[in-house]
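Here's a quick walk through one protein chain. Have a look at the structure first, then read on.

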Amino acid sequence: ISHPGYAGSLNPLINYLNSGSYNYSLLNLTTTNLNTQSEADKINSATCFIFAGDSLNVLSFLNQTGNLVADAFQNSVQLGKPIFFFGNAGKIAGEKFVGNTDTDIYASYRGRMTLNNGLNVFGDLIFQPLIFDNSDYYENRTSSVLWGMMRNRKRVGLYLNGTNRIQISSSSKSISGNSTIPFIIVDAREATKVDSSTYRASSSIGPRQVVAFDNLRWSMTNYPQIKYLLEEGRFDYLTEVEDEISSVQPNDFILYQNYPNPFNPKTKIRFSISNVILRQAQDDNQRTQNHNTNPNHSVTLSLSKSDKKITLKVYDILGKEIATLLNDYKSSGNYETEFDGTNLPSGIYFYRLTVGDFSKTKSMILLK
């Protein structure tokens, strides 16, 4: 489901569907085809829906009633057919969405963001994707969720970044995600007070669109196994990280996600070093009586202490080394170190743990 004028951007998706021999139909929404029976038939026969487009008010034509296409779509929603939203199209999943966040860099500052009708698939949601995509729009995208929640009295806001994805399940009433940068859920169910700015900047058409709540809960994760339970306002299970790490002797190399993340200006990085050292075997001459070789003769295991240095380094987004946090020999155990970004600009950084032939990299966000 898309709209005229977006055809060129649909090519990668259409090529993918064609390459997989998927059976699909394309519905380009306009004001003139909302009562076309053939287009309504596409909706009725579909097993799922994909929304892609940048004209969100056009895509939201399907929230109307009294025409064939919109009625067919609303009936499909009631039947529980899955819906996939690409990019900004996901904003229309709620009853309302905040517009003009990605075209006018001063929209929030000058009171120019708009509140528009969405599809009401998940009515209690105000959603903002691409939160860290372009610094010119940071204020718009950050303030849009809280402003939209305040204006429409919604209790759940959601921030997502880049190509990360989240899943909202109507059956389990939960939100889960697959993301590198943690997705952020804002829950206002316990808020009793809300206030907004009265400041008017030059050339504004209304007050600056920033909002304050009391008792606001922020929840974030990038662990796909964790679900946020919407009715209870919490994750389905949480374990104290310190207890989890200290109570188990590591049997592998593990690099944990830094905490907090995003951070300003300091964050902690934890990692575990195993007493089983993996080494890549180049040929049979490298194997000795002290090593056990796996069936494919590609990796050897040693129970002795590693003779390799353990390094933990931080890099910027261009791959330039920023800091070396560790460059030493370590025995089996659990370790923690601190990274200080006081003298660095906001942005995405990467930290890499290297032990012999083992290497693991994770990303973190410095947000000042």
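## Where to be careful

Let's begin with a shaky stretch: over residues 276–306 the pLDDT stays under 50, and the model has 50 contacts beyond four places in sequence for this segment. Keep in mind that this is a predicted model. Another stretch with pLDDT under 50 covers residues 241–251, with 19 contacts beyond four places in sequence.

Across the protein, the mean pLDDT is 86, and 87% of the residues reach 70 or more. Confidence bottoms out in strand S19 (residues 299–302), at a mean of 40, and peaks in strand S1 (residues 49–51), at 97.

## The overall build

The protein has 24 strands and 6 helices. Of its 368 residues, 41% are buried. Take the contacts between residues at least 6 apart in sequence, and 64% of them join residues at least 24 apart.

On the outside, the protein exposes about 19,900 Å², with carbon and sulfur atoms supplying 47% of that area.

## Two nonpolar cores

Which residues touch the most other members of the largest nonpolar core? In this set of 21 residues, they are Ile1 and Phe51. H2, S1, helix H3 (56–59) and helix H4 (68–78) each put in at least two residues, and H4 gives the largest share, with 4.

Phe51 has quite a list of partners once neighbours within four places in sequence are set aside: Ile1, Leu59, Leu62, Phe73, Ile83, Phe84, Phe85, Phe86, Ala89, Ile92 and Leu119. There's also a second, separate core of 20 residues, and Phe271, Leu312, Ala323 and Tyr351 are among them.

## A buried serine

Ser176 sits in strand S8 (residues 174–178). Is Ser176 buried or exposed? Its relative accessible area is 13%, and the cut-off for buried is under 20%, so Ser176 counts as buried.

What is Ser176 in contact with, leaving aside its neighbours within four places in sequence? The partners are Ile166, Gln167, Phe183, Pro224, Ile226 and Lys227.

## Tyrosines on the surface

Tyr16, Tyr22 and Tyr24 make a nonpolar surface patch of about 340 Å². Tyr24 lies in the loop between helix H1 (7–19) and helix H2 (37–45).

Tyr24 has a relative accessible area of 33%, which makes this residue partly exposed. Patch members need over 30% relative accessible area, so Tyr24 clears that bar with its 33%.

Definitions and conventions. Residues numbered from 1 in each chain as written. Predicted model: local features only at pLDDT ≥ 70, side-chain atom pairs only at ≥ 80, totals over all residues. Heavy atoms only, no water. Patch = residues over 30% accessible without salt bridge, like charges linked within 9 Å, V, L, I, M, F, W, Y side chains within 5 Å. Areas by Shrake-Rupley, 256 points an atom, 1.4 Å probe, with all protein chains shown as cover. Salt bridge = Lys/Arg side-chain N within 4 Å of Asp/Glu carboxyl O. Buried < 20%, exposed > 50% of the residue type's maximum accessible area, 1.4 Å probe, protein only. pLDDT = per-residue confidence, 0-100. Contact = heavy atoms within 4.5 Å. Core = buried A, V, L, I, M, F, W, Y, C linked by side-chain atoms within 4.5 Å.
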